[in-house]
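Trainee: I have this model open and would like to go through it with you. Can we start with the interface?
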Amino acid sequence: MGATSKIPHDAIDDPDLTQDPALPPVALDPRIHEAEEAHWTPVKVAIWVAIALLGGLSWVMLAVVRGETVNAIWFVFAAICTYLIGYRFYSNYIQKHLLRPDDRRATPAEYKADGKDYAATDRRVLFGHHFAAIAGAGPLVGPVLAAQMGYLPGTIWIIVGVVFAGAVQDYLVLFFSMRRGGRSLGQMARDELGRVGGTAALLATLTIMVIIVAILALVVVNALAESAWGVFSVGMTIPIALFMGCYLRFLRPGKVTEISIIGFVLLIAAIVGGGAISETTWGAALFTIDKVPLAIGIIVYGFIAAILPVWLLLAPRDYLSTFMKIGTIGMLAIAIIIVRPEILVPAVTEFASSGAGPVVSGTLFPFLFVTIACGALSGFHALIASGTTPKLIEKERQSRFIGYGGMLMESFVAIMALVAALSIDQGIYYAMNASPALTGGTVQGAAAFVNGLGLTGVSVTPELLTQTAINVGEESIVSRTGGAPTLSVGLANIMQQVAGGSGMMAFWYHFAIMFEALFILTAVDAGTRVARFMLQDSLGNIFPKFKDTGWRTGAWICTGIMVAAWGAVLVMGVTDPLGGINTLFPLFGIANQLLAAIALAVCMAIVAKRGLFKYIWIVALPLGFAAVVTITASILKIFSTVPSVGYFAQNAAFSNALAAGETSFGTATSVEAMEAVVRNTMVQGILSIVFVTLAVVVIFTALQATWNAWKTHASATSEDPAVPSRMFAPSGIMATPAEKATQALWDALPKTGKRKAREH
Amino acid sequence: MGVATAVRSAAAGLAWYVKGVMGEDAYDKYRAHHEAVHGTAAAVPVMTEREFWRDQTDRQDTNPQGRCC
């Protein structure tokens, strides 16, 4: 240790960062920040005591009291109070000891400013941007599936996990990328871990992207299959987006908010119109599509969408998706606070320990932690936090509000999704989420299955299932796996109590389906594009022509390869005789958490090279946890002898049955279905092996880099050289008194083209 | 009077925020940057609004941004 003194920004009078004396201060002395924080007025003390007490009370209500029912408001209070405390104290600790931002340094948005990709953006606006980029379907779907283990494990993991793992990862990656001119995670891995670690990280990212896109697409297919209303209204988003694209290109360039509002109105019209059309004979005939043709449709769509110019489809739909995302999440938060639904689910169900849950197989450890990935810890965020956001950030200290704070918001979305899923009747929940192999796809079969589970207080009648389906405007709600339909029923249930009554349930249900499908389709399209560029870049090392991204044929070949890869997994999922989601979703979670482990491993190597061994536990804690969880889950998926858990155990069971000449086995009723299981489990097993091997290589090289830094005491840095800043902006959501005073000096400057932060 | 002003400034603040998050202010930011660096003199030509938005989506074609799951 002792190397800490070598960190350049420790010295407050670093000559390299002497600021222009003609300007007001570009940064506050860190001692002023500390003095402001240490200044505990009675009001401040009272507020924080109140937050702590309310948070404590909420946790007691959730974890200790566990009455017959528990009110949803306790989830909201427990989450918000814990976030506030985590943000105020833990992220501050990380800022002070581990990251040590220096506002005298210009950020890439300032020293590389080009008015386009690198452009200083108001912190509050950037917070919205960053949140819209990281929030997707993941935090909505995972908690729904994990609800089968009871409300408590999921709640604890989402809230505690985000404070110590997810938000830490996002904050660190954002900060380190910002210090490196906005370099991507892949580039940072190569810089910090060398060729082997870097290549493994790149390969892992590419394969993880494929599996994530495939499973997101599977969620959409499951939500839309057999639903004429859903297919019509989600299908209409394509012509709406094309119209918006042309409007922005040819009619009124740049009028983004205006066209988003027009698009939103058209979207609502499509949802309302979908209801009418699905009731006509021709509409029902035309738009009721089976899973397999729907999957093929999405694959064809994915290919076309990824080769069309961005302005035509991706950019306009992205605007629409941002608009819907922020609006709907805000609306749901308000509705939950108004309605305050009672939760009937037990704190912990027997599935947590038996691992025999029908929704996803496996015991609480490790499978809860891979089922709820986004919302607690999401590796995918590392790809967003490196790259886009760091090029827009104004001041270094703002990375805490945007990186750590942005992830807390996503975690809150996950808590709301959990509440929505928990608020629906348990019998309906299991009937919707058990695979068709278990329910037979009929209301009678589903009722028999759910009532046969033997859970106390859980029962359902065929009539209730039929009535619920009618309420939400669907043919059937049995075995609508994937989480999205369940969440939509929950959301519809909550929203109809605020607006419209039960007559509006069908509208709200399809509104929610639309809301999820919209950003899943955007993620599919954007994911395919990003993966295509990564593939082109990698292939370019062997065939230089592929490096030329303007080369049409090359672009099409690489897009085709990526679409074929995720398309194959998607088709495998929709045709899987075992149910699809329940076998594939763990792979999604494992992939996402392995990516988080990779990102945290890169961060650990950077921290070690900065010589900050005293505080390295801040990174090592979530890294260790993510590594243990994902490696254990992978090993179980590979080696478990329980067929519902281990891919190869399942494979062997079906292979043996086939070899014995049997024509049906388990839930597979034909030889073809049995062969499909053998094939699918082999592919899934091999994917598990690939993921875990790549992640272990990355973690190992990171440990090696950490060890080397410890041994040699050398503090090396791959940061860009420090450039003195020429601007000022407050760091948190609200300016502190000292920041306001400095801001006033800047506002008083004569207008010389200096940027001026807006206050309102 | 006081209420009207407060409402107006709140609405302006909201409009500013929504435009910022949606990215509608991109051209204004580009113009401001261009003026700060090159001045108003036409030594380096500034893109028109239409050219700017075309350029922006065309740049995204070759540099795609991921969207999260």
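Mentor: Across the interface of chain A and chain B the rule finds 4 salt bridges, a salt bridge being a side-chain nitrogen of Lys or Arg within 4 Å of a carboxyl oxygen of Asp or Glu. This is a predicted model, in which local features need pLDDT of at least 70 and side-chain atom pairs count only at pLDDT 80 or more, while totals for chains, interfaces and linings use all residues. Residues are numbered from 1 along each chain as its sequence is written, chains are lettered from A and ligands numbered from 1 in the order in which they are written, and side-chain values use heavy atoms, with hydrogens and water left out.

Trainee: Which residue forms a salt bridge with B:Asp55?

Mentor: A:Lys116 does, and the closest N and O atoms of that pair are 3.7 Å apart.

Trainee: How many residues does the contact take from each chain?

Mentor: Chain A gives 59 residues and chain B gives 35, where contact means heavy atoms within 4.5 Å.

Trainee: Changing topic, at what angle do α6(A) and α17(A) pack?

Mentor: Helix α6 (residues 138-146) of chain A packs against α17(A) at about 40°, with the axes 8 Å apart; the two are therefore oblique to each other, the word for angles that are not under 35 degrees, over 145 or from 65 to 115.

Trainee: Which residues of α6(A) make that contact?

Mentor: They are A:Pro139, A:Leu140, A:Pro143 and A:Val144, and on the α17(A) side the residues include A:Glu410 and A:Val413.

Conventions
Axes fitted to C-alpha atoms, helices over the stretch in contact; angles between N-to-C directions. Helix = DSSP H or I, 4+ residues; strand = E, 2+ residues; numbered from the N terminus.
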